[in-house]
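Me: I am new to reading protein models. Could you take me through one, feature by feature?

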Amino acid sequence: MKRRLSDVLSEFARTLVTDFPIQAILDHLVGRIVDVMPITAAGVTLITPGAKPRYVAASDESALRFEQLQTELGEGPCLLAYDSGEAVLVPDLLADGRFPAFAARALAEGLAAVFTFPLRHGDQQLGALDLYRTSPGALDDDALSAAQTLADVAAAYLLNAQARDDLRVSSERARAMSLHDALTGLPNRTLLIQRLRHAILRGRRTDKPVAILFADLDRFKSINDTYGHHVGDELLVSVASRLTALLRPGDTLARLSGDEFVILCEDLEDAAQAEHLANRIGRALSATFVLSSAEVWVSASVGIAFTGRGDDIPEQVLQDADTAMYQAKRKGGARHGVIDLRERRRANDQVSLNHDLHGALSRGELRTEYQPIVATSDGRVTGVEALLRWAHPTLGIVRPDAAIPLAEQSGLIMDIGRWVLRQACVDRHRWQRGTDDELEVSVNVSARQLMAAAFASTVADVLDETHTDPRHVTLEVTESIFIQDSERAFIVLNDLKGLGVMLALDDFGTGYSSLSYLKRFPVDVVKIDRTFVADLDSDPTSRLIVTAVVGLAHGMGMKVVAEGVETATQFREVVALDCDAYQGFYFGHPSAAIELDALMADRASGQPLRVS
Ligand code: C2E
Ligand code: CA
Ligand code: CA
């Protein structure tokens, strides 16, 4: 039996790898013990004082019944061994008077002897191991010490598993806490932004609007000042629960700070649904709040912003909703206001926006920002991409996705495009001073701009005026140019190549994504769209696609730039997948030229650059 015992012990050591779950340890213990000991069944109960046992294991049905019986009756050798920390030996249950209730029931079911060993570690009691036999008689000393050895080893493993369990629970709790607001338990800003980001990406596929409702209580400060913070807190908790009652499945209610609540609604049928919700918020809050030491009433100002295009930036959408809320508040509160950038761009305001754009260039409202493009091999900034910004006198910064389509429709794109190219060359020139390490500048070119007569000669003029070597300029075009008129696109791209500029295929993978374009057109760089990069850590198909694109592009002597790298994980992925360069918030957001001067000066002096 010694040998068999040592077999069982070494088997334990081998199978009970560090993350073996508790139940499995117990099942294994009782299963094997019946094989090596002169007994008929075995059972284990782990005991938590004052609570039902969370873990019970048994070698068969009868043992399971005896374990449960002891727990039910609160009596039996198992409990005695647990309490005393000593083995309890009952070689003849009929003759033993210590557990009358248990004995009566167990004898009736054919049990004749029980030997129980405490599961303990140091002075910690975990439970007990019961060995059952259907015939009376003692166990010899070898068997007794073997049983206690098994119980001790199992106890050590159990403690380990217990510690791991506790750790997991507490780290899950910590994580949940940092994503939730401590007062109301609602998602906080971090979690909201995460969900909003996902909603935006999903909206790109479903084409359904996503709405953000930004609600801010009116008069909250005066309630806080009058009744004190505990009443204020109590009010916030009640507001949270009234708002929660308005949600549809899938909606998210978050608390940003103080009295700011935000509802994220996905999959809306139409924009009007969000306004209905805003009305319901108003009604839900209008009833008096009866709190423990005061009765108060509040109202809220609500701002709504919609997204629906996959390239909206979560923080921006939230900001839009905040702006709309603020406008509602300025009109006196207790109402809602809507900012719908999509609608605004497309409908009413489009006319005036169009009108405004006409003078934007001459009034000096256009700007360029630059986003660094960084080599994956050594982390050096090899170039920058110029991105257009329009500082509208009343609307604030209008992003290019709004401005460029307008400019294309009106034909202004030719002038604006020329201006961006010129500005980019001028800024490049300044950064280039004092270094031989050539900085590349990338400029986006829209389809209409590219197809316009004389585009290539415009480019040639600008390069000439700014003394820019064409090799350091990359023009970024999207696949859409091939759809409109691929013959003409082919001719223009070749003209541009003739000038010596570089060509990049932008947003690769979002459009018609035919890898065959790569073969036909004289492209030097492929820029992988950020939707693939965003999915790299979650979606295996994205990895496959990126791998294929990198392989093909490299095979044809093209470089690959990954766009929209936001996290360290995504960064590691694009390095691992052999992309040559990347850009994205992980290294840096687009910034005004002047803000990049320091970075460029470091670059010129050959200092290593680092992600800040
Ligand atoms: P794009 O060429 O794909 O430019 C990259 C866009 O992604 C920029 O948006 C940039 O701000 C954003 N971005 C950069 N890194 C990240 C990141 O890590 N995460 C996320 N989520 N976004 C990131 P932006 O500046 O709003 O430009 C939008 C688009 O407008 C550009 O997309 C480009 O197609 C067009 N555009 C910009 N400037 C010009 C221009 O001067 N002429 C023309 N024709 N189009 C322009
Ligand atoms: Ca681009
Ligand atoms: Ca792009």
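Me: Which residues of helix 17 are buried?

Reply: Buried means under 20% relative accessible area, exposed over 50%, and partly exposed in between (1.4 Å probe, protein chains only). Helices (H or I, at least four residues) and strands (E, at least two) are DSSP runs, numbered from the N terminus. Helix 17 covers residues 455–465, and its buried residues are Phe455, Ala456, Val459, Val462 and Leu463.

Me: Where do they sit around the axis of helix 17?

Reply: An α-helix has 3.6 residues a turn, so residues three or four places apart point the same way. Here the buried residues span an arc of only 125° around the axis, so they are on the same side of helix 17. The arc is that of the directions from the helix axis to the C-beta atoms. After helix 17 comes His467, with a positive phi near 50°.

Me: What should I know about the model itself?

Reply: It is predicted: local features need pLDDT of at least 70, side-chain atom pairs count only at pLDDT 80 or more, and totals for chains, interfaces and linings use all residues. Residues are numbered from 1 along each chain as its sequence is written, chains are lettered from A and ligands numbered from 1 in the order in which they are written, and side-chain values use heavy atoms, with hydrogens and water left out.

Me: Which protein donors does the calcium ion (ligand 2) have?

Reply: Donors are N, O and S atoms within 2.8 Å of the metal (3.2 Å for Na, K and Ca); water is not among the atoms, so sites may look incomplete. For the calcium ion (ligand 2), the protein donors are Glu385 (OE), Asn444 (OD1), Glu476 (OE) and Asp506 (OD), at 2.1 to 2.3 Å. Glu385 in strand 14 (residues 381–392) and Asn444 in strand 16 (residues 440–444) are 59 residues apart, so this pair links distant parts of the chain. Glu385 is buried, at 4% relative accessible area. Asn444 is partly exposed, at 30%.

Me: What does Asp506 bridge?

Reply: Asp506 bridges the calcium ion (ligand 2) and the calcium ion (ligand 3), which lie 3.9 Å apart.

Me: Which polar side-chain atoms lie by ligand 1?

Reply: A polar contact is a pair of N or O atoms within 3.5 Å; within protein, one must be able to donate a hydrogen and the other to accept it, and residues adjacent in sequence count only if both atoms are side-chain atoms. Gln371 has a polar side-chain atom 2.9 Å from a nitrogen atom of ligand 1. For Glu566, a polar side-chain atom lies 2.6 Å from a nitrogen atom of ligand 1.
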